[in-house]
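Open the model in your viewer and keep the selection panel at hand. The stops below say what to select and what is there.

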Amino acid sequence: MTGRLWSKVKFGILLQDNSRGIMPVLKLSYDHLPSHLKYCFAYCSVLPKDYTFIRKQLIQLWMAEGFLQQPKGRKHMEDVGNEYFNILLWNSLFKIVKKDEYAEIVTCKMHDLVYDLAQFVGKLDHLSMEANNVEDISAVRGFSIFLDHEGTFDILEALKKAKKLRTLFISSSLVSSDMLMNFKSLRALDLSRCEMKGLPSSLSELKHLRYLDLSNNPIEILPESITSLYNLQTLKLHKCRYLLGLPKEMRKMISLRDIELNKCDKCTQMPIDMGRLTNLRTLTRFIVGKDLGRSIKQLKCLNLRGELTICDLENVTSGIESREANLRGKQDIHFLQLLWGGHDNESDSGKLDDVLEALEPHPNLKSLLIENFGGLKVPTWMSNGLSPFKNLIQLRLQQCPRWEYNPTLGELPFLRVLYLSRMKNMKYLGREFYYSNSSGSTSSSTVAFPSLEELTLWEMRNLVEWLEVLPSFPSLEQLFVRSCPELKITPSRFPSLKKIVVFGHK
């Protein structure tokens, strides 16, 4: 009896033994799901028991397999995927593992009994296999195997017969061109654990591929041939630290919806005309180039969501050009980083001020980082008290050496993390730090920084006074004051403080 057949027998026994317990309840939850959600649920058995699912990744895989119904109205496919995920969660088929600082679900798991149910209803379509338990997988559509050296040869031999595969998760440096040529129907391919320095040449032949995860591999070059994957929707390159660049002609990949480039530190140039990828929804990193095809204007028509880091902003020539990026119109960007390069960042303060002024984000923003900005002025969208940005949870201002004062931050109702560093011209955190002049918020009943939990002042070498204004900081739990040698006056009342670190201080 094969392992998969035994799993179905075992589940039937469990169902009988738990006739008054949790199993019938789970089965009932599943039975009441519409058919498209049943496919999504059963698909989860393609990954091992006790696997930690990343919510976004799971939705991308459902999308690659074609399980998501076409969105209606102004919805996007990702919105449909989130609705499916939430329904499975509400039916107790997922359990939350981790939320981010914005209270969004990041990861989840399946209880062991729920996973058994997913295997049972998968109808032998999906399989996660251990290296020492090789089975006939010729009819399997979804397959995962995370290998050590034991059993590697047997698994790779078995894979040669799996002509119907649509999803493949594999961890082996032995992945070859010949092997991939067997999988003409493949929709999703995860090679993130394969330690590959180069890509198999046959990868470009997988014309139906929609999801490709190359994260963590020591890849230096993505060949131009990858641009022939015109159905590809998701390209993950997270932690490809040796990657030097992306193919120039990525504009051909018109189906792309997600490009994840986190921690690709050696990648210093974007492909030409990224703005043509109008289906793109996620672009975690955009590097501003000097030529038109790589300028910040390429962001104009991209309806991006989630996180976006814009690097090398010193290459933006004017406020008119930076306004073309239309950050103000990107209501689904919640995490934004604006980074200038480390060289000559104070050369033309007037131009720099205009550029940052025109990079005003949408008020839906939850996290903002501004780093290495050499201009003189705080932009008006910040200096007016950041009043439109009531959703802001995290703010980091790093290496803005010519700013002499901070924007008003005490009125942000949900701000939980504030990080200020290397503001060498800043001498005072006065009343304007707490309240704007226009707000009239000076009465003793108004609490400044009502939600702030963590505050860091780092290398504020000329900061002399941090004025105490009461009531303020009722929720502050962690305070870090580092390398602020001239700071002599500070607040003294932090009713919720649990941790304080002070060093490099007179």
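Begin with helix 4, which contributes six residues to the lining of the largest pocket, the largest share. This is a predicted model.

**The largest pocket**

Helix 4 spans 55-65, and other elements that each supply at least two lining residues include helix 5 (77-90), strand 3 (105-109) and strand 8 (211-213). Add strand 10 (258-260), strand 13 (305-311) and strand 14 (332-339), which also supply at least two each. The space between them comes to about 1800 Å³.

To find the centre of the pocket, select Ile-54, Lys-56, Val-106, Glu-260 and Glu-307; of the 47 lining residues, these lie nearest to it. Now colour the lining by residue class: 21 residues are charged, 15 polar and eleven nonpolar.

**The largest nonpolar core**

Next, select Leu-159, Ile-310, Leu-338, Ile-370 and Trp-466. Within the largest nonpolar core, which has 115 residues, these five touch the most other members. A second core lies apart from it, with 41 residues, including Leu-47, Met-63, Phe-67 and Ala-188. In soluble globular proteins, nonpolar side chains tend to be buried together.

Stay with Ile-310 and show its contacts beyond four places in sequence. Phe-286, Val-288, Ile-296 and Leu-299 are among them. So are Leu-327 and the run Leu-336, Gln-337, Leu-338 and Leu-339.

**The cavity**

How many cavities of 30 Å³ or more are there? The count is one. Its space is about 40 Å³. To see what surrounds this cavity, select Leu-327, Lys-330, Ile-333, Leu-336, Pro-361, His-362 and Leu-365. By class, the lining has five nonpolar residues, one polar and one charged. Leu-327 and Leu-336 were already on screen as contacts of Ile-310, and both line the cavity as well.

**Leu-392**

Keep Leu-365 from the cavity lining and add Leu-392, which it touches. Leu-392 sits in the loop between helix 11 (380-383) and strand 16 (394-398).

Is Leu-392 buried or exposed? Its relative accessible area is 1%, so Leu-392 counts as buried, the cut-off being under 20%.

Show what touches Leu-392, leaving out residues up to four places away in sequence. Leu-365, Lys-366, Ser-367 and Leu-368 come up, along with Leu-386, Leu-412, Phe-414 and Leu-415. For a last check, draw a distance between the C-alpha atoms of Leu-392 and Phe-414: they are separated by 6.3 Å, although the two residues are 22 apart along the chain.

Note on methods: Residues are numbered from 1 along each chain as its sequence is written. This is a predicted model: local features need pLDDT of at least 70, side-chain atom pairs count only at pLDDT 80 or more; totals for chains, interfaces and linings use all residues. Side-chain values use heavy atoms; hydrogens and water are left out. A nonpolar core is a set of buried Ala, Val, Leu, Ile, Met, Phe, Trp, Tyr and Cys residues joined through side-chain atoms within 4.5 Å. Buried means under 20% relative accessible area, exposed over 50%, partly exposed in between (1.4 Å probe, protein chains only). Contact means heavy atoms within 4.5 Å. On a 1 Å grid over the protein atoms alone, a cavity is a set of points where a 1.4 Å probe fits but cannot get out, and a pocket is an open set with protein on both sides within 12 Å along at least five of seven lines; lining residues have an atom within 4 Å of a point. Grid points are joined across faces, edges and corners, and a volume is the space filled by probe spheres set on the points. Ala, Val, Leu, Ile, Met, Phe, Trp, Tyr, Cys and Pro count as nonpolar, Asp, Glu, Lys and Arg as charged, and the others, Gly among them, as polar. Helices (H or I, at least four residues) and strands (E, at least two) are DSSP runs, numbered from the N terminus.
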